[in-house]
Amino acid sequence: MNRTIPLILAVALFMENMDSTVIATSLPAIAVDLQTSPVALKLALTAYLVSLAVFIPISGWMADHFGAKTVFRAAIAVFIVGSVACAVSNSLPAFVISRFLQGIGGAMMTPVGRLVLVRATPKSELVAAMSWLTVPALLGPLVGPPVGGFITTYFSWHWIFLIHVPIGLIGIWLATHFLPETEAARTPPLDFIGFMLSGLAASGIVFGLSVVSLPALPPIAGFLTVAVGLVSAVLYLLHARRAKNPLLALELFRNQVFRASVLGGGLFRIGIGAVPFLLPLMFQIGFGLTPFQSGMITFVAAIGAIGMKFVTALIFRVAGFRRVLIFGSLIAAASIAINGLLSPDTPYLLVLAALLVGGFIRSMFFTGINALAYAEISTADTSRATPITAVFQQLSIALGVALAGGILEVSTTIHGGPLTLGDFHIAFFIVAALSAAASLPFMRLAPDAGNAVSGYRGLTAPKTLGVGPPGS
C-alpha cells in the first residue's frame with residue numbers, strides 16, 4: 001500500500017486535533033489577554049463547531065466541482081489564515097470570528113482529505129490506509145496539552161496558533177507534489193435551499209447542545225436553538241424528497257452496510273464524546289489531582305490508540321467487520337464503564353492499564369466504521385457519502401458532551417450538593433450503556449458484509465480442483 005497519501009492527508013487531521021487540545025489548555029491565559037472570562041471564551045470553541053456543522057455538508061460538492069486536491073490545499077490555506085487571525089485577535093468578537101474562519105478550513109480539510117484517500121486507495125487496502133491516516137492525527141491529542149502548556153507558560157498563547165503556519169505550508173507543499181491529480185467534474189447546481197436548511201439544522205443542534213452543556217449563555221437559549229435545528233432537519237428531509245440533486249444524499253441510507261456504519265458509529269461516538277469531558281473532571285474533582293497530573297494520566301489512551309493502528313487491518317482480515325464491530329463495541333463500552341469503578345484508592349498502574357486497553361479498542365472500532373462506510377459505496381458516490389458521515393460525527397460528539405454535562409447536572413440537583421465522585425460514576429455507567437447499544441446495528445449485518453474491504457473470507461471450505469466422483 002502507498003503510505004504516502006494517507007500520511008500527507010493526516011497533516012490536516014494532526015493540525016485540527018492538536019488545535020482543539022492546545023486551545024483548551026490555554027483558555028485562561030487567552031481570557032486574561034482579551035479581558036474576558038474563560039466561560040465567555042467557550043463561545044469561541046462553539047463558533048468553531050458551528051462552522052464545521054455549516055460547511056461540512058458542502059464539502060463533497062466543492063470537491064467534485066473544483067477538484068478534491070485543489071479544495072484540500074485551499075482548506076489548509078484557510079485554516080492557516082484563520083489561525084493567524086486568532087493569534088492577532090485583541091477582543092472576544094474578533095477571536096470568535098477568527099475561530100469561525102478556522103472552522104471553515106477544518107470543515108473542508110478532513111472530509112475532503114478522506115475523500116481523496118478513498119478514491120486513491122483500492123478497497124482491499126482501505127482498512128490499512130485508514131489506519132495510517134489516523135496515526136499522525138492521534139498524535140495531536142497526545143502532544144497538544146503539554147505543548148500548549150509549555151508554549152503558554154514560557155512564551156505566549158499567540159504561538160499556539162502560529163505553529164500551524166509552518167505545518168500547514170508543509171502540508172500544502174506535500175499535497176501539491178505527491179497527491180494524485182483530481183480534475184473538476186461536471187456537477188449539478190448547488191442545492192442552496194438544502195445548504196441553508198442543513199446548515200441551520202446541524203449548527204442549531206451543535207450550538208444548542210454546546211450552550212446547554214457549557215452554559216456560557218442561559219440554558220433556555222440552548223434549548224430554543226436545538227428546537228430550531230430539529231425543525232430545520234425535518235424541513236430538510238421534506239426538501240430532500242422533492243429535490244432533484246439534494247446536498248446530502250439521504251438515499252444512501254438504503255444501503256444497510258452504510259446505514260449500520262453511520263448509525264452504529266454515531267451511537268458509539270456519543271460515548272466517546274463524553275469520555276474526554278468526564279475523565280479529566282473526575283480526576284481533578286473526584287481524585288483531587290492537578291490538571292497536569294490529570295493530563296499525564298489521560299494521554300495514555302492516545303498511546304493505546306496509536307499502538308492498535310498497526311494490527312487493525314490484520315484483525316479485520318481474520319474476523320471480518322460484523323464480528324469485530326459487535327464485540328469491539330461491547331468491549332469498548334465495558335472499558336468506559338470501568339471508569340465508573342475507579343477511585344483515589346485504585347492503584348495508578350491499574351488505572352493506566354484500563355485507559356490503555358480502552359484506547360486500543362476504541363481505535364480499532366473507529367478504523368473499522370470509517371472503512372465500512374465506503375465498503376459498498378461506488379466511487380461516484382464517495383463525495384456524497386463523505387459529508388454525511390462527517391456531519392453525523394460532529395453531531396454525535398456534541399451530543400456526547402451535552403449528555404455528560406446533563407447527567408452531572410441532574411445528579412447534583414438530586415442530591416443537592418457539589419459534584420462528587422459518585423456523580424461521575426453514574427455518568428460513566430449511563431454513557432457506557434449507550435455506547436453498548438452501538439452493537440445493535442452491526443448485529444443485522446450479513447457475516448460477509450464489507451469483505452471486499454476487510455479481506456475476510458470466513459470459514460468456507462476450500463474448493464478442490466480436478467477431483468470428481470469415482471469414474472469421472
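Mentor: Contact in what follows means heavy atoms within 4.5 Å. The model is predicted, so that local features need pLDDT of at least 70 and side-chain atom pairs count only at pLDDT 80 or more, whereas totals for chains, interfaces and linings use all residues. Residues are numbered from 1 along each chain as its sequence is written, and side-chain values use heavy atoms, with hydrogens and water left out.

Trainee: Which residues does Arg269 touch, not counting residues up to four places away in sequence?

Mentor: Arg269 is found in helix 11, residues 256-286, a helix being a DSSP run (H or I, at least four residues) numbered from the N terminus. Beyond four places in sequence, Arg269 touches Phe366, Ile369, Asn370, Gln393, Ser396 and Ile397.

Trainee: Is Arg269 buried or exposed?

Mentor: The classes rest on relative accessible area with a 1.4 Å probe and protein chains only (buried under 20%, exposed over 50%, partly exposed in between). Because its relative accessible area is 10%, Arg269 is buried.

Trainee: Which element gives the largest share of the largest nonpolar core?

Mentor: A nonpolar core is a set of buried Ala, Val, Leu, Ile, Met, Phe, Trp, Tyr and Cys residues joined through side-chain atoms within 4.5 Å. Of the 107 residues in the largest one, Phe258, Leu278, Met282, Phe283 and Phe442 touch the most other members. The largest share of this core, 13 residues, comes from helix 11.

Trainee: How many residues make up the second, separate core?

Mentor: That core includes Met18, Leu34, Cys86 and Leu92. Its total is 18 residues.

Conventions. Helices (H or I, at least four residues) and strands (E, at least two) are DSSP runs, numbered from the N terminus.
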